[in-house]
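Student: I should like to study one part of this structure closely. Please show me the model first, and then I shall put my request.

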Amino acid sequence: MFLKKLFSKKSTPAPQQQTCKAESCSCTQQNGYEATMQKSMDRRTAFRQLTTGLLAGAGLLQTACSITADSESREKAQLKWEEFFKKNYRLMTDEEKQQTVDRLTRMYELRTGKHINMDTKGPVQSVLYGYAFNISKCRGYMDCVNACVQENNQDRDTQMQYIRIHEHKNGQINFEQAEDDFFHEVPATGHFYMGTQCYHCENPPCVDVCPVKATWKEEDGIVVVDYDWCIGCRYCMAACPYDGRRFNWKEPHVPEEEVNKDQHYLGNRLRKQGVMEKCTFCIQRTRKGKNPACVEACPTGARIFGNLLDPNSQIRWVLANKKVFRLKEDLGTEPKFWYFMD
Amino acid sequence: MKNLKIFFRFVRDSLDVATQGTRAYHVWMAVLTFLMLLAAFAYAVQIENGLIVTGMSDRISWGLYISNFTFLVGVAAAAVMLVLPTYVLKDVDFKQAVLVGEGLAVAALLMCLAFVVVDLGGPARAWHLIPGLGLFNWPSSMLAWDVIVLNGYLFLNITIPLYILIRHYQGKEPIDKVYIPGVFISVFWAVGIHMVTAFLYAGLPARPFWNSSLLGPRFLASAFAAGPALIILILIYIRKFSSFPIGETVVRKLALVATVAAQVNIIMLISELFKEFYAPTHHSQSAFYLFFGLEGHDSLVPWIWTAISLNLLATTMLTLHFVRNNFKTLALACALLFLGIWIEKGMGLIIPGFVPGPWGEIAEYTPSWVEIAVTIGIWAMGAFIFTALVKVALAIESGTLRYQPNKHTA
């Protein structure tokens, strides 16, 4: 009976015995037993609560006997546990999203004593983001790469970068001949530069292959990853024709003073070991109407970002007035990232 | 109630058989256990530090683990070459050997699952793959398909032999109606697991080396060569070192299967080589890297030429009647074939898929000691499971292990 109740997806709410006007009156409130037993619950919640119960029992026993365990470490363990059993982001209610954000900010506070702001702002109506790259203007200064790393909290130890700048010899666009790992003064004579990053394809192959739906395309066209749902199989990495995805081969490390504390759940919040990440068009900035960090940082104005659905946007002007092209169009991925020349 | 009692007695008797044996048996199992413990240590290092301790990188993001996984799916699928003739075609010759094939399938599948799990960045979150509890991207993701078909095939290959063995354990004949439907499903399922695994790679236009319609059929051909080759080696061993009667004919028939499959595999290899090298395009770069090296990067070149030489030599040997009919030379040919396909279909298939990268980057991959230790440990685990399963199965099939209702009651 107990289990049946616990596992039933929808249980009928407790019948109210009386109607009572006073809000603080306790007569309409369920007693503890009812509140626990009649809560509607899905399997995962049930599983989590059962295991939390078990673990809390075992943990309590341990902490009760231990003189070193303080309330803080207990809270940490509790938060970690609840985080582990949370849902895929897309299945969360607004309330659950807030709860996980609260847990994550609290965990950061417990760890460092500092506060972070974490956003869950959804896509803005009638917005579809697009990007254009002016090959004539890029001079390979790499300011975009550095701004991206600072903005998005990538691992400093392995020098993870979302953007790659390819140095082509004049006369050909041949990526096999191009250099994307150069250490010399730029712009080098007889060369030109092209940046690549995640193209936020309309038909993203990475999304199709993910076995657990940990990555998807948002309504505004941004392809995102749920860092806490990803199992780290790296199938998306194999499926991406544009080298747009990065993997955390180790626990990512950002010095505390360098952490960008304005974060988005699907964007630049701190990642963990063994999960994928990628460019999100700086979702934490762009959904608030700002440009991505790379666009803002570019000293030559080679990078253009905007709303494809807004006929007056700069990106639409580029698409209408410049001869634009995209890379590997034959694969049918429909990138929302165009190149053009002056 | 009675059935439950028989089942528990069966489990207990099986454990007795599996834990007792000659000194050689104990040494063998001890060595395997030692290797598994070494792997556990290496895996602990990997869990602690992350996949950074492997040779993999953003450039080459799958390595030795996924290579072995791919190869072993083929070994598991090859059980069908014993199951089909035994249960469907009712070929009596195969009857004694079929349980060996099914045991091998179980061991190979458990190894496959282990290789996938050790490759995960977050194995603790693997429960996201459990339908109902997690979120399953089916039917879109081929990996989701693979999880289903591998576990389904594992289920079939555990339950069917288990049923037959429990019946024989009681001295009864299995009832056709109970298990034959499962057998029919498993025949199609065996082809399914390997096709789905091929589609996992073939479905990626981003990697032209894998994005080939020949990949699925080629997987099957190489699987039906390497799998039976391994089974032949095991059967020859059992014939030599135990009194269990395995007919000469079953080995001969299996040798014929391996021969034809190896020949087909060579034809497909030639077809691939022609396509890559007659009129090379950008998409042939991976093949150039594999066979000749690119810009001085040629770590796979000696491996692939070894594999091709082994395959050609073994196929020629198998094709010649006098070599195939002599069990000594047959065993040698099978060993060469198995090794050749392991290289070709493992590292020789997975690594070139990533070289050159999407923007033409050329990187090299060398497995780290952690990967090698874990890989050896998983193979040891497979051998351990297989040995135990076959020991019990043979004890029951030869009649030495039987249900004795009053044995333990005193």
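Student: In which loop of chain A is A:Pro187 found? Please answer this, and then give a close account of the sheet that holds strand 2 of chain A.

Tutor: The model is a predicted one. A:Pro187 is found in the loop between strand 3 and strand 4 (191-196) of chain A. The peptide bond that leads from A:Val186 to A:Pro187 is cis, with omega near -10 degrees. Most peptide bonds are trans. Chain B also holds a cis bond, from B:Val355 to B:Pro356, with omega near -10 degrees. B:Pro356 is found in the loop between helix 14 (347-353) and helix 15 (369-397) of chain B.

Let us turn to the sheet. Chain A has 11 helices and 11 strands, and an open sheet of 3 of its strands follows the order 10-2-11, with mixed pairing. Strand 10 (303-307) and strand 11 (337-340) of chain A stand at the edges; each has a single partner strand, so one side of each is left without a neighbour in the sheet. On average, neighbouring strands of this sheet are turned by 20 degrees against each other, direction ignored.

The mixed pairing can be followed strand by strand. Strand 2 (residues 129-134) of chain A runs parallel to strand 11 of chain A, and 4 bridges join the two. Within this pair, A:Phe133 stands opposite A:Tyr339 in strand 11 of chain A, and A:Asn134 stands opposite A:Phe340 in strand 11 of chain A. With strand 10 of chain A, strand 2 of chain A pairs in the antiparallel sense over 5 bridges. Here A:Ala132 stands opposite A:Ile304 in strand 10 of chain A. In a regular strand the side chains alternate between the two faces of the sheet.

Strand 2 of chain A is mostly covered, as 5 of its 6 residues are buried. In chain A as a whole, 36% of the 342 residues count as buried. Helix 11 (residues 314-321) of chain A packs on the sheet and touches strand 2, strand 10 and strand 11 of chain A. The direction of helix 11 makes about 110 degrees with that of strand 10 of chain A.

Between helix 11 and strand 11 of chain A lies a loop that contains A:Glu334. A:Glu334 has a positive phi of about 50 degrees although it is not a glycine. Most residues other than glycine have a negative phi. A:Glu334 has 13 other C-beta atoms within 10 Å, and therefore counts as partly exposed. A:Asn153, in the loop between helix 6 (143-152) and strand 3 of chain A, also has a positive phi, near 55 degrees. A:Asn153, however, is buried, because 21 other C-beta atoms lie within 10 Å, and burial requires 20 or more.

Finally, the sheet can be placed in its chain. The domain assignment of chain A gives domain 1 (2-8 + 36-119) and domain 2 (129-340). Between these domains, 13 residues of domain 1 are in contact with 14 residues of domain 2. Helix 5 (94-112) and strand 1 (117-119) of chain A each supply at least two residues of the side of domain 1 that touches domain 2. That side has 5 nonpolar, 3 polar and 5 charged residues.

Conventions. Residues are numbered from 1 along each chain as its sequence is written. Chains are lettered from A and ligands numbered from 1 in the order in which they are written. This is a predicted model: local features need pLDDT of at least 70, side-chain atom pairs count only at pLDDT 80 or more; totals for chains, interfaces and linings use all residues. Two strands pair if DSSP finds at least two bridges between them. Axes are lines fitted to C-alpha atoms, for helices over the stretch in contact, and angles run from 0 to 180 degrees between N-to-C directions. Two residues are in contact if their C-beta atoms, placed from the backbone, lie within 7 Å. Domain bounds come from an automatic or database domain assignment. Ala, Val, Leu, Ile, Met, Phe, Trp, Tyr, Cys and Pro count as nonpolar, Asp, Glu, Lys and Arg as charged, and the others, Gly among them, as polar. A residue is buried if 20 or more other C-beta atoms lie within 10 Å of its own, exposed if 12 or fewer, and partly exposed in between; C-beta atoms are placed from the backbone.
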